[in-house]
Amino acid sequence: MKLITAIVKPFKLDEVREALSEIGINGLTVTEVKGFGRQKGHTELYRGAEYVVDFLPKVRIDVAVTQEQVDACIEAIIAAAHTGKIGDGKIFVTTIDKTIRIRTGEINENAL
């Protein structure tokens, strides 16, 4: 089992969710986060004063999948989140040692 973590632009969240749903992924966790990479933030004007926004708003999507679903999941996220502009995001894939559904006690793939 793998945990796929994607950091994407907030306005791409619905497209990513729909793309994952189309390939049979029916559970995910979404967290609003802030961060920066190569973008390094930007400058904004507020009431005539310029200020630097260091951390940009992003959305973190966590999806637990079986090994067989990993490539399809990554491809769906890339296709849905891609704009071609800097700041499109990142995808991280990590291994899950054990998964337990609290309500039923199901373990690993059965708990997904």
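Is aspartate 88 buried or exposed? At 16% relative accessibility, aspartate 88 counts as buried, because buried means under 20% relative accessible area. The legends below describe a predicted model.

**Figure 1. Overview of the chain, with two helices and six strands.** Starting at the N terminus, the order of the elements is β-α-β-β-β-β-α-β. The chain has 112 residues, and 30% of them count as buried. Among contacts with a separation of 6 or more, 70% are made by residues 24 or more positions apart. About 7,700 Å² of accessible surface is computed for the chain, and carbon and sulfur atoms contribute 51% of this area.

**Figure 2. Close-up of the salt bridge between aspartate 88 and lysine 9.** The closest N and O atoms of the two side chains are 3.8 Å apart. The pair connects distant parts of the chain, its members being 79 residues apart. Aspartate 88 belongs to the loop between helix H2 (70–81) and E6, whereas lysine 9 belongs to the loop between strand E1 (2–8) and helix H1 (13–22). Lysine 9 has a relative accessible area of 13% and is therefore buried. Aspartate 88 is likewise buried, at 16% relative accessibility. Side chains of opposite charge can pair when their charged atoms come close. A search of the whole structure gives four salt bridges, and two others are shown in the next views.

**Figure 3. Close-up of the salt bridge between aspartate 62 and arginine 60.** Here the closest N and O atoms lie 3.1 Å apart. Aspartate 62 counts as buried, with 15% relative accessibility. Arginine 60 has 33% relative accessibility and so counts as partly exposed.

**Figure 4. Close-up of the salt bridge between arginine 101 and glutamate 106.** The N to O distance between these side chains is 2.8 Å. Arginine 101 is partly exposed, its relative accessibility being 27%. Glutamate 106 also counts as partly exposed, at 32% relative accessibility.

**Figure 5. Close-up of the largest pocket, which holds about 290 Å³ of space.** The lining consists of 14 residues, and those nearest the centre of the pocket are Gly37, Arg38, Gly87, Gly89 and Lys90. Strand E2 (29–35) and strand E6 (89–95) are the elements that give two or more residues to this lining. E2 supplies the largest share, three residues. By class, the lining of the largest pocket contains four nonpolar, five polar and five charged residues.

**Figure 6. Close-up of the second largest pocket, with a volume of about 230 Å³.** The second largest pocket is lined by 14 residues. Nearest its centre lie Asn26, Gly27, Leu28, Ala64 and Leu112. Strand E5 (residues 56–65) provides the largest share of the lining, four residues. The lining of the second largest pocket comprises seven nonpolar residues, six polar residues and one charged residue.

Terms used: Residues are numbered from 1 along each chain as its sequence is written. This is a predicted model: local features need pLDDT of at least 70, side-chain atom pairs count only at pLDDT 80 or more; totals for chains, interfaces and linings use all residues. Side-chain values use heavy atoms; hydrogens and water are left out. On a 1 Å grid over the protein atoms alone, a cavity is a set of points where a 1.4 Å probe fits but cannot get out, and a pocket is an open set with protein on both sides within 12 Å along at least five of seven lines; lining residues have an atom within 4 Å of a point. Grid points are joined across faces, edges and corners, and a volume is the space filled by probe spheres set on the points. Ala, Val, Leu, Ile, Met, Phe, Trp, Tyr, Cys and Pro count as nonpolar, Asp, Glu, Lys and Arg as charged, and the others, Gly among them, as polar. Buried means under 20% relative accessible area, exposed over 50%, partly exposed in between (1.4 Å probe, protein chains only). Contact means heavy atoms within 4.5 Å. Accessible areas come from the Shrake-Rupley method with a 1.4 Å probe; for residues, only the protein chains shown count as cover.
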